[in-house]
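Colleague: Please take me closely through one part of this model. Then show me how the rest of the chain is built.

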Amino acid sequence: MARKNPFLNVMNETQTDENREVLNYAIKGASKSILSSIDELAARADRLLEGETIVELDPDLIDASFVRDRIEDDEQEFGQLLLAIRDRGQDSPILVRPHPMLTGRYMVVFGHRRLRAARALGRTVRAVVKELKDSDHLVAQGQENSARANLSFFERAMFASEIARLQLDGDNAIVLSALSVDRATLSKMLAVASMPGEVLESVGAAKGIGRDRWYELKTLLERPSNLAKALAFLKSDEFGAKSGDDRFNALLAHIKATGRPVPSKSVSTSKWVSEDRYVTADLKSDGRTFTVALRAKDAMAFGDFLSENLTDLYKAYRSRNGN
């Protein structure tokens, strides 16, 4: 028999004592403070597994979480994990819950890469099966990733956006607890996640790019002309040839370069020669400055004379123009 829709629980704030352990941080003060250390986050995730029975499950019976947290896997890191599990086995279990909609199946809460490794090796996966509400699931998944996974700012921002979209509680207490961030940081995460999907999908996880640079890009793209240039650049061969952080860097540099107005200067030049040809002057004007360069043997003496008489020359100029 199919279970109820997994998204309905996110909108239900009624909690029983059994379901409060994972959300105790959110209840006690997600709006007042953030968790003080990665170690505490890890401990909170570990407590979900303490005292629970570990079982061996067929990976084919386990579905992905209903919220994606990792945009792309680091294949080198996954390869190392795969070899480690192959050689010494799976050290720590993953956490799954009975699937909210499909009887006889499970949904992974955290441990996606360990699950993937078990599938690749053709082995069963060691898991703890625990009944969790959707809100508990989200917090546990977020805290585990905050504690252990090397998720980029962008991946955390997209995860925050998905939680905020699903929970609809008007307070974002769950996402604050899941990601251990304050409201100012969450605001920037949600702003970044709201950028046009074509930009987000094209740039990707950008593992080495932090909050401030993502927010800078988001701010620049608020100008329609910059957005149009960005979308055109995403289709270029130059952008397509890049990968990882280089994609982000190239896009940001392109927008900043093309978005900067370049003043057009019309430079005019002329030459003046004295009647006795003792002094020559190269004259240059770009509309903002007028440059006089004197040459020949009397150049220095004539230059001193001009400097000493600039006041009188300027008065004569003003008088001639009726000022």
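Modeller: Start with one pair: S285 stands opposite F290 in β8. The model is predicted, so local features need pLDDT of at least 70 and side-chain atom pairs 80 or more, while totals for chains, interfaces and linings use all residues. Residues are numbered from 1 along each chain as its sequence is written, and side-chain values use heavy atoms, without hydrogens or water.

Now widen the view from that pair. β7 and β8 are antiparallel partners, with six bridges between them. Strands are DSSP runs of E, at least two residues long, and helices are runs of H or I, at least four; both are numbered from the N terminus. Two strands pair if DSSP finds at least two bridges between them. The hairpin of β7 and β8 has four residues between its strands. Look there for G287, which takes a positive phi near 95 degrees.

On the other side, β7 (residues 280-285) meets β6, again antiparallel and over six bridges. In that pairing, S270 is placed opposite L283 of β7. Put the pieces together: three strands make an open, antiparallel sheet in the order β6-β7-β8. β6 (268-273) and β8 (290-295) are the edges; each has a single partner strand, so one side of each has no neighbour in the sheet. From one strand to the next, the twist averages 15 degrees. A helix joins in too. α14 (residues 299-308) packs on the sheet, touching β6 and β8, and its direction makes about 140 degrees with that of β8. Such angles run from 0 to 180 degrees between N-to-C directions of axes, which are lines fitted to C-alpha atoms (for helices, over the stretch in contact).

So much for the close-up; here is the wider chain. The chain has 15 helices and eight strands. A second sheet, also open, holds five strands in the order β1-β5-β3-β4-β2, with mixed pairing. Its edge strands are β1 (54-57) and β2 (62-63), each paired on one side only. Inside it, β3 (residues 94-98) and β5 (residues 125-129) run parallel, joined by three bridges. I94 stands opposite A127 of β5. Helix α4 (residues 112-121) lies across β2, β3, β4 (106-110) and β5, at about 125 degrees to β4.

Next, the interior. Buried residues make up 39% of the chain's 323 residues. Buried means under 20% relative accessible area, exposed over 50% and partly exposed in between (1.4 Å probe, protein chains only). The largest nonpolar core has 39 residues, and W214, L217, F248 and L251 have the most contacts inside it. A nonpolar core is a set of buried Ala, Val, Leu, Ile, Met, Phe, Trp, Tyr and Cys residues joined through side-chain atoms within 4.5 Å. Helix α6 gives the most to this core, with seven residues. L251 touches V199, V203, L217, A230, F233, L234 and F239, leaving out residues up to four places away in sequence. A second, separate core of nine residues includes I94, V108, L115 and A118.

Three single residues are worth a stop. A160 lies in helix α6. A160 counts as buried, because its relative accessibility is 0%. Beyond its neighbours within four places in sequence, A160 is in contact (heavy atoms within 4.5 Å) with V175, L179, L186, M189 and L190. A160 and V67 are 93 residues apart in sequence, yet their C-alpha atoms are 9.8 Å apart in space.

H137 sits in helix α5. It too is at 0% relative accessibility, and therefore counts as buried. Its side chain makes a polar contact with the side chain of S65, at 2.9 Å. A polar contact is a pair of N or O atoms within 3.5 Å; within protein, one must be able to donate a hydrogen and the other to accept it, and residues adjacent in sequence count only if both atoms are side-chain atoms. With neighbours within four places set aside, H137 is in contact with residues including S65, F66, R97 and M107.

Last comes A206, in the loop between α9 and α10. Most residues other than glycine have a negative phi. A206 has a positive phi near 45 degrees. With 2% relative accessible area, A206 is buried.
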